[in-house]
Structure formats: structure tokens, C-alpha cells
Amino acid sequence: MCGIVGYIGHQSAAPILIKGLHQLEYRGYDSAGIALSGKEQQAFHLFKAKGKVSNLEAKVSSVDSAESASLTTGIGHTRWATHGEPSETNAHPHLSMSGELALVHNGIIENYQLLKEQLSGYGYQFKSQTDTEVLVQLIDYFYQKNGKQLMKAVSQALNKAIGAYAIVVMEQSNPNHLVAARKASPLVIGIGKDNEEFFLGSDATPLVEYTHKVIYLDDEQIADIQPGTAVTITNLDESLANVNIKDVDIDISALSKGGFPHFMQKEIFEQPHCIENSMRGRVIQREDGLYEIKLSALTNFKAKLIRARHVIIVACGTSWHAGLIGKQLIEEMCRIRVEVEYASEFRYRNPVIEKDDVVIAISQSGETADTLAAIQLAKSEGALVFGIVNGVGSSIARAADTGIYIHVGPEIGVASTKAFTGQITVLTMLALALGNALGTISEEKFQNICSQLTTIPEKMEMVLKQNDKIEQLSERFTYAKNFLYLGRGYNYPVALEGALKLKEISYIHAEGYPAAEMKHGPIALVDKEMPIVTIATHDELYHKIISNMQEVQSRNGSILAIITEGDDEVKRMVSEYVEIPSIHSCLVPLLSVLPMQLLAYHVAVKKGLNVDMPRNLAKSVTVE
Ligand code: F6R
């Protein structure tokens, strides 16, 4: 949520910042800005634009190239509004009233009203409605008071601020100096050759083109960055902190659309390959033909995981839907009681957590503020925290005691697709491996599911081949005002996910329901105008869902059915269907979700909407 970039070194900063902002635009896109500096005591060059980064880029291109080459320090921001409407005035960077400091900020300063009143009392005036402007004035207050020592001023200000922040500050008097800090909002510093230049980002994606050596700032740490010198880091109490330099490796091709019109479509089509990556080195066929699952997280924490009598899954959004599937997998294969909680509710609800509990936190970004807070709560109660995360080196990956990366590569489209199937794959491997260790799954069932799991990539390809058919089907749904998605058992969370995908990118209201719940209320909505997407694949509940479909049809509801290949019974019942290959019921979500993703995608494209950057949303929700 909101993207930060920064550069300090010998190159022209503007092109590096603009490129970085484009790469981070998925985190927020209602306005953007950069501040540049090069010569001591010269006023900052400030550019801001409402809307997309391309609007900002057009403004920045007016700078004369000789001048641009001399502006070798800069900070930039792409915004997802929290305080104040999207506008140039509210866009970052914000300058202090003295004009001596410029700041970009992600997060929320919760006590900003109180601080604003205090600063007003000292004569500070404010132009914007943002909490960020209050923070830069607060830093300025201490800066002026303490002989313009920026590091000290930042730590004094942050000691007064309550809330979450990732910030980068630059000072007019010294263009060779940046100060960065974080609390509950990520910030990464990339180190250039011989410390001659540094790159900053709210995640590593804009940095990897220039360097693989990075520092992930920890909470309440402040970094002092000056070219030619190694970064020094202090804690909020001004004591020195250790500097841990890590290697980061991101496939740069994942950051481009690779010939697809949208990241979302590319990411949908990448799924067979992503699932192979998720399973690589983990689902292993031995020479005798039998399968085993190797998860280092399980080996290292086996005793604690086996002892767990209670698992709590915490997550938000799509990851929460994956958690609902995880519950069924773990209960079926491990016979352990599992609860699935919205992280945002769990963190404030005084939940019962016991020392032998295992809390599984699921997150694509690894930066979701509520999930991170839920982890902290679980840890404070002594539970083992197990992360299922995509963002390598992310805050959640680092906060968890152990865990498994899903390894599906950067997900850029705001609507999550490949992360969902990656999360389910990891949950399946975890449930299988744990069930095997506990002896709660028979060897025959274990071998059967493992072997079917390895066929998922090729079966996904078969489903994706129906893209054209789904595109045609989507045509008539663009006019719908409401959708109902129905599923049962393992397909109930898929119905929730299908509805969420459609809502997010097509702005059509949609609800997911367990199919049998329909007659307890939602059936009142059914008429011939309302499309009802029903997942009716061959499993234990097949005949039950056929009855639910008949209930819909007797009320003139129009059904789009997701069925098992060759199911003539349903084909005779409905005029519109998409077939998926037959697979063990616990693996069906990995296939049945694909038509849902494609349907949402095509409906949104046909409505002329921006599927990668839907209105009001942002990737990586780093505010609560
Ligand atoms: C839906 C979507 C969101 C995220 C949610 C959690 O398409 O992207 O609902 O799933 O914000 O995000 P992560 O998984 O990054 O914790």
C-alpha cells in the first residue's frame, strides 16, 4: 500500500525513481510525486501529479537534461490515500514549512491530530490534509531545535509518533544524505558497488535491476545513508543496530507483462509453471516409484507440529479463502482441529491461544498489517507461528518461526490469482506431510493424492485452453448487476474466491455461498437476470449440488456450471458450462478456480476496466 523509492549516488535520480514508481504502482495509484536535489542549499525540485505515475513522468520530462544529470539524490512515492483525497496537494513528497526537509511516507500516524495541534502552537502551518505533512513538520521541529542533525531529529520525532511508517527523508543543506526508517511498514535499502550509490524501495522489486545486496530494515530502526560510506543503522533509542546485508534474487522477467495485455492474465496463465515451482524439491518420486514430501520447515519443527492439537489459520482476503481450503485439508488428513480467522478480527478479539497451538499465517505479500499483528499476538502467547508466504524476505516471512515459501514469483496484478493456487499447493503438501508423520492418512491415500498433485500443472493447462470459450461466455455477463457463486465442500471457498475476483475487477456485486445455504435466504434473489456460477464437480457432494441447481432452475435462474469433464448429466441440465479434468476432490480447487479467474478477467476487460489496477484497491495492505 503506497510505494516508496529513493536514490542517492552519481546518476541522474529522476529516471531511476520514475522507473521504480512504475514498478511499485500496483501498491497504490491515486497520485505520485518525486523530490530531487543535487546542490547544497538549493530548493528541492518537486513534482507531483494526480493519478497514474505516467502523469508524473510527463511533468518530470520537462527538466532540462543537463540539470537532470546534476540532480543525483531523490525520493518518490505513489499513493493509496488514507488521509485526504487524492490530489496534488496531498501527494507525497511533503516538505516541511521551512522547505529544508522533504519526506515520503507509507503507513498511518495515528496521533497526527494531536501532533498537528502541538505543532500549530509552535507556529507550523499545514497545506495538506495528510498525516505525513505532520510528520515532516515534527522532524523539522527537532531538526531546527538540535542544530540540524537529521538522524537525531528523525529519532526524536519517531519517538513521539504512534502508528506505522516507512519513511525516507532528504535535507536541503546536504544532498548527499538520506535518512530512512520503518515500523510495521516495509523498507528495503539496495547497496550499489563500493557503497557509492544506494537504492531504496518499499519492496525489493525496483532495486534488483541495480543490485542484489540489500538491507531489510527492522521495526523501529533508522538508517543513515551517505554515498561512499557503509550504511549505519540505529534503533529508536539511538543505540547502534547490527547491519545485516542479504542477497535478494527476483526474476526480472516476472516484472514485465511478457506479451500479455495485463499482468493478471499473464499471472493466470503462469499458474501451471508456478505450481511446478511450488512443488519442486518438495514432492519427490523415489526410485521405487513411491512419493514422499520433503518440507524443511516440517523436519525442523516436527515435534512441535506433531504435538499441536489445535491449528489457527490467520489471513485476509484471497489468502483467507486459501485458509478455508487449508482447514479442510488439515482436518481431513491430520485430524487436527483447525479454525480460520480474519487476521483483522483475531488481533483485537482476545482469542484463546495456547502454547501448543500452531498459528499458520498465509500472505502473498508478506506485508499485510493485520496478519503481521495477528502473528505478533500469537507469538506473545507462545504459539508456534508458521508462515505461508510469497514475498521472499518480507516482514511476515521474517516474523514467523518457520514456514514455507510458495515460490510463485512476484504477483503484480492487484487481484490475486497465482498466489491463491500456490497457497493451496503448499497447504496440500503440508497436510499430506503432517498427516503422514502423524499416521492419520493411509499410505494408499497419501500416495494417491501425491501422484495426482503432480498432474495438476498439465491439468491446469487443459483448463486454460478453454480461455476463448470463457471469453465468449463472459460477453453476456457484462450487463449483470449481481452474481451468485455456489460451491460445496472444497469448492465452497472457491465460490467465495470467484465472487471476490469478480467484485474486485468488474465492480459487479457478487456473493459466494455454500450451495445448501442458498435456500436459507439468498434464493429470494434468484431470477432470470441473475447469473449463478455453480461448481458441480464429481465428489462426495455431487448429487447434493445437483439438487441445489434444480432449485435454482425451478426459479428461472441461469446457471454457468463448472463440471467434471464428460459429465453429460449436468450438460443436459444447463446450457453453459466449463469442464475441468477429473481429480481427487481435495485438489479440485486448484482447477475449479481457473474458470473463475478467467471469467472475472474477461468480464472486466469487456467492460473496459483497468484489471491490473482496479479502483480503490492496492496490492499489499500495509495499513490496518
Ligand atoms: C484479492 C486480494 C486481497 C489479498 C489480501 C491479503 O485479490 O489480493 O484480498 O488477498 O489483501 O493480502 P496478502 O495475501 O498479501 O496478505
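Of the 624 residues of the chain in this predicted model, 61% count as buried. The surface that remains open amounts to about 23400 Å², and carbon and sulfur atoms supply 48% of it. The fold contains 22 helices and 26 strands. Its radius of gyration is 26 Å, close to the 25 Å that the globule rule gives for 624 residues, so the chain is as compact as a globular protein of that length. Along the principal axes, the C-alpha atoms fill a box of roughly 80 × 55 × 45 Å. Among contacts with a separation of 6 or more, 72% are accounted for by residues 24 or more positions apart.

Charges come next. The chain carries 57 positive and 72 negative charges, and the mean positions of these two sets are 2 Å apart. Side chains of opposite charge can pair when their charged atoms come close. A search of the whole structure finds 26 salt bridges, and a few of them are worth a look on the model.

One of these pairs is Lys-213 with Asp-247, whose side chains meet at 2.8 Å, N to O. This salt bridge links distant parts of the chain, with Lys-213 in strand 11 (residues 213-216) and Asp-247 in strand 14, 34 residues apart. Lys-213 is partly exposed, at a relative accessible area of 41%, whereas Asp-247 counts as exposed because its relative accessibility is 61%, over the 50% cut-off.

A second pair sits within a helix. Glu-331 forms a salt bridge with Lys-327, and the closest N and O atoms are 3.3 Å apart. Both residues belong to helix 11 (residues 317-334); they are 4 residues apart, so about one helical turn separates them. Glu-331 counts as partly exposed at 23% relative accessibility, and Lys-327 is likewise partly exposed, at 27%.

The salt bridge between Arg-347 and Asp-370 has its closest N and O atoms 2.6 Å apart. Here too the pair links distant parts of the chain: Arg-347 lies in the loop between helix 12 (343-346) and strand 19 (358-363), Asp-370 lies in helix 13 (residues 369-380), and 23 residues separate the two. Asp-370 counts as buried because its relative accessibility is 11%, under the 20% cut-off. Elsewhere, Lys-266, Glu-270 and Lys-418 are joined into one network by salt bridges that share partners.

His-262 offers a view of packing. This residue is placed in the loop between strand 14 (246-247) and helix 7 (263-269). With a relative accessibility of 18%, His-262 counts as buried. Leaving aside residues up to four places away in sequence, His-262 touches Lys-257, Tyr-601, Val-605, Val-611 and Asp-612.

Several loops also show backbone features to look for. His-92 and Pro-93 are joined by a cis peptide bond, with omega about 0 degrees. Pro-93 is located in the loop between strand 4 (73-79) and strand 5 (94-95). Asp-194, a residue other than glycine, has a positive phi near 50 degrees. This aspartate is found in the loop between strand 9 (188-191) and strand 10 (198-201), and Asp-194 is exposed, with a relative accessible area of 56%. Glu-220, also not a glycine, has a positive phi near 60 degrees. Glu-220 lies in the loop between strand 11 and strand 12 (221-225), where it counts as partly exposed at 33% relative accessibility.

Note on methods: Residues are numbered from 1 along each chain as its sequence is written. This is a predicted model: local features need pLDDT of at least 70, side-chain atom pairs count only at pLDDT 80 or more; totals for chains, interfaces and linings use all residues. Side-chain values use heavy atoms; hydrogens and water are left out. The radius of gyration is taken over C-alpha atoms; the globule rule is 2.2 Å times the number of residues to the power 0.38. Buried means under 20% relative accessible area, exposed over 50%, partly exposed in between (1.4 Å probe, protein chains only). Contact means heavy atoms within 4.5 Å. Accessible areas come from the Shrake-Rupley method with a 1.4 Å probe; for residues, only the protein chains shown count as cover. Lys and Arg count as positive and Asp and Glu as negative; His and the chain ends are not counted. The place of a charge is taken as NZ of Lys, CZ of Arg, CG of Asp or CD of Glu. A salt bridge is a side-chain nitrogen of Lys or Arg within 4 Å of a carboxyl oxygen of Asp or Glu.
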